[in-house]
Structures are given as structure tokens and as C-alpha cells.
Amino acid sequence: MGKKKLSRRQVLKVSGAAGAVVGSAGLGLFGYEAGKDPESYTGCEVQEGACQTFNRARYEVDRPHYEKVGPTSRPDARTEVVFMRRGAFSQQWHDETGIDGLSEHLQAFYREHPEALELDRYRQDHILPKRRIDAPKYRDDYILAEAWSRAMGAVSPPGIDGPPEKSDFPGGQAEPLKMKGPRRTSKLIKQMAHQFGSVLVGIARLNPDWVYRYPMRGRGFAADEPVEVPKHWQFAVVVGTPMSWDAVAANPTFGTSNDAYSKSRIVAYRLAAFIKALGYAARPHTPGASYDLMVPPIMVDAGLAEQGRHSIAITPELGCNFRPAVVTTNLPLQPDKPIDFGVQDFCRSCKICAKNCPAGAITTGEKEEVRGYLRYPVCSEKCHNFWDSCLGNMGCRLCVAVCPYSRKSNWLHTTALDVTANDPTGLSHKALAGLQERLYPGPDPEKYFIPSLGGENATYREPPWWLRSEDFIVPPAAKDTVPSAAKDTDKDAG
Ligand code: SF4
Ligand code: SF4
């Protein structure tokens, strides 16, 4: 067949089409390459390197900052975790029988700590009745905050339903997959944690001192003997997600821990499911579904944080504005090293949390021995008493809000972090803490209490627009008296 000659017009058409194809392919290729660059992420992605931004390698140390100064012991959560103890106390306490009417472990605890009994009774007899008077009076101001808190806590995985040797292991007979070494596995686990929604992730070899003596989920509550730490709890993977900055600043009444509890809980359950799918044991310890261990020292061991004067872990990225969860596992991992980025020195002189705590629960003094380790003691009874002395949904979090490390990650904050982390003299610590107090003062601590207890329902900062009930909701009592023109508040709400 002879060649057909193309007209000029046809040649132009064909070359135009070819040019378009090549052009599109080039653009596509360029776009694909550009899209692979992490800088092209739009902000929805939670990615390693994009969220855990602090270069920890520069601040790694061989030993965590807490010091062992005596024989150590594991905590008894039935008495030392204030919510657990007070739950039992409120059911068992009767004025006629007094301390003798309590279960044995409560009796032993209160005889050793009479000040705790006094504070537990004060809450029950004095604070809670006053709160019952004020809550309905001021409820309208917090309708949106309460609805938000409930919504954030609405999704919850099922609790742990068996002892560790059963519930932690994957079902079926599958052998654990052979992994290509702990270093690679750790990299994979961290990336998965980020994919599952975690902003922070670190790995520690589990120190048994952080595991509760009593109780352990799935083993029963009233065991006579302390529960042994399961042998397969070799490593702890810690994850963490932040709480909304604007709501945290409006504590104690507008914030909610459910905000980040829910996110960290979901991450931990996803991570445990992933590890089990590889054939290894995993147990999530999460807010809202309970823990068998203490989290802050594990965060320290995992190189994510240092523990502050307020006893909460402080991370370089989020300060203490986050909520963590832990997964214990036998998947062979490479632990991270603890870090020292200057928090211990800073806390020594700062004391802002202690001065602003309405309960006086945080010490302005020195560290003390607690179960064999040196740390700042916090009076959990006084702290919890304040939770019931304000109208917040879930506690207080003022110490999170006022801590100078809990700031948005702008250039000012990262520069201050760099300076304080590298200042052996401590001069910058005093200067920055002083500046913070002068530039950003909060209300007097007594104003945070409910009016029946002498306060004004104050908040550290004003609530964000989306939590101001008065801009969206007609107060139930005033429903019939509001003029119809004032009822559509939509245009003012933003
Ligand atoms: S407020 Fe100051 S003293 Fe308290 S934990 Fe934060 S840095 Fe430390
Ligand atoms: S949560 Fe509130 S009451 Fe408790 S220690 Fe922190 S500031 Fe004090």
C-alpha cells in the first residue's frame, strides 16, 4: 500500500495532538514527581517528619531525668489513682461506721494517709453539694462545651475483656511473622502510628515499676496478691495527639480531655490491631478504656518528653497539650533514648503552674521521693477536688494551659525552645518565665471556682466562638421572651 500524503492542516492537527499528549505526559510526570515531595502535603496528612518536628537526636541522653533514690515499688491503682479510690469510697463510706466500714486496702491506705481521708470527705460533704447548687444555675453557658465533649467521647472501642495471656494475643494459630530486625520494625511501627492519626510516637523498653500492682484489666479487681507484669510486655509504644489550642486556653470550663483522649484511643487500638495482624501480642492502655500502667514516665523513657513540675509529660512539639496512650507488646523493637531539652532546669525556677493552680496541688518546693524515684509531688486529692469546684466537663487542665511549653509552634516558640534547651546557666529560663507571667497574666486562682465556693467561673482565656452557647442557643428559660428578630443569630456567630 502506497503512503498517503497528509495535508498541511492534517499535519498541524496530528502534531498538535502529539504535542498535547507529550505536554500532558510531561506535566503529569512533573506533577507526580512534585506530589512525592513531602512539602506538597496539604496539611491533612499526619506524617513522620511533618508532625514530630523536633530533632531529638541532638538531645538524646543515656539515662532518663528521674533519679532512683530508694527501693522502688509499683503503684496500687485502687488507692493511689484518685478516681478509683473515690469511686469505692463514695459507695462504702458511712458516718456511723467510719473508716472501719471500708474495705481492707482502703482502711490501710487511709490510716497511713489521714490527710487523704480528710480531703476525700471534704469533697463529698462540702464541694459536691455546692456544685449541685451551681451547675443548673450556670449550665446554659456551657451547653456547647458539654455537647462537644460528649461528641468527642462518643466513639469508643470495646474494653479489654480477658487476662493479658489471652486478650493480648491474636486469635488463630498463626505464627508471628519473621521481621527483618528491630530497627526496621520500629521504623514501620512509627510510620503506622502516624498513619493511624498519631502526632507523637516513641518506643521504650517497659520498666515494670510503671505497671500497677493492682488491679489489671481482665484479672479481676480484688486480687489478694499483686499482679505480675506479663512477660510479653517487653516494649511500650507511646502515641499522643493534641487538644484544640483554643479550648485548652479557655479552661477550666470550656476544654475537654475527650478531645485528644478519643483520638489517642483510636490510634492505640488501631496500632494494637496492626501488631496482632503481624502475629504478635499487643494491649492498648488508653484514656477512656483504662490503663494497667502509668504513662508519663514511659513517655520519658521513650524519648518523647520530660516530666514537668505539674507531673505531666512535656514534649518539645506540643508542650503538655496532648493526651497519650500506650501499646504494650512483645514485637521486637528498638527503644528510643530519653531526651534532655532543658525542662528540669526550666521547671526549677518557673513555677507558673504551681502559682496558677487553683487547688494548690502543685508544689513550689523541691522534688521528693515517690515510690523510690525523685519527682515533684502533686496532690491528686486537691487537684480532683478542684475539678468538682468548677463547672468544667472533665477536670481542669489549667496547668496545661499556663505552661510556657504549651504554645503553638510558631517561630517565637521554637526560638525560645532552642535557647532554653541550650542554656546551661538557666538565665534565659528565668527571663522567659518572667516575661510570660508579665505579658500573659491569668485571673487570680480563686476566681476559677464556682460562685458558691467564692469564685466567678473564670477561665484562663475567653472561649473560642464555636463554644459560646449564647451566640447560638436561646437559653431554655428565656425562650419565650426573646424577640423574634433576635432569634436568628447565625450571621453574628462567626
Ligand atoms: S509551668 Fe513552668 S514549672 Fe510548671 S511544668 Fe511548665 S515549665 Fe515546669
Ligand atoms: S489540673 Fe488544675 S487543679 Fe489539677 S494540678 Fe492542674 S491546675 Fe491544678
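Where does ligand 1 sit? In this predicted model, ligand 1 occupies the largest cavity. Around the ligand are Arg309, His310, Ile314, Phe346, Cys347, Cys350, Lys351, Cys353, Cys403, Pro404 and Tyr405. Helix α12 gives the largest share of that shell, three residues.

Two names from the shell, Ile314 and Tyr405, lead on to the nonpolar interior. The largest nonpolar core has 38 residues. Ile314, Phe341, Phe386 and Tyr405 have the most contacts inside this core. Four elements give two or more residues to it: α12 (343–350), α13 (352–356), α15 (398–402) and α16 (411–421). The largest share, five residues, is from α15. In soluble globular proteins, nonpolar side chains tend to be buried together.

Take Ile314 in detail. Beyond its neighbours within four places in sequence, Ile314 is in contact with Leu304, Ala305, Glu306, Gly308, Gly319, Cys320, Phe341, Val343, Cys403 and Tyr405. Apart from the largest core lies another one, of 29 residues. Its members include Val295, Val300, Leu304 and Tyr373.

Now turn to helix α8, residues 182–195. This helix has 14 residues. From first C-alpha to last it reaches 20 Å, close to the 20 Å expected at 1.5 Å a residue. Which residues of α8 are buried? They are Thr185, Ser186, Ile189, Lys190, Ala193 and His194. An α-helix has 3.6 residues a turn, so residues three or four places apart point the same way. The cover over the buried residues of α8 includes β2 (200–205), β3 (235–242) and α10 (258–277). Just after α8, Gly197 takes a positive phi of about 115°.

Key. Residues numbered from 1 in each chain as written. Chains lettered and ligands numbered in written order. Predicted model: local features only at pLDDT ≥ 70, side-chain atom pairs only at ≥ 80, totals over all residues. Heavy atoms only, no water. Expected span 1.5 Å × (residues − 1). Buried < 20%, exposed > 50% of the residue type's maximum accessible area, 1.4 Å probe, protein only. Contact = heavy atoms within 4.5 Å. Core = buried A, V, L, I, M, F, W, Y, C linked by side-chain atoms within 4.5 Å. Near = heavy atom within 4 Å. 1 Å grid on protein atoms, 1.4 Å probe; cavity = no way out; pocket = protein on both sides within 12 Å on 5 of 7 lines; lining within 4 Å. Sits in = over half its atoms within 2 Å of the grid points.
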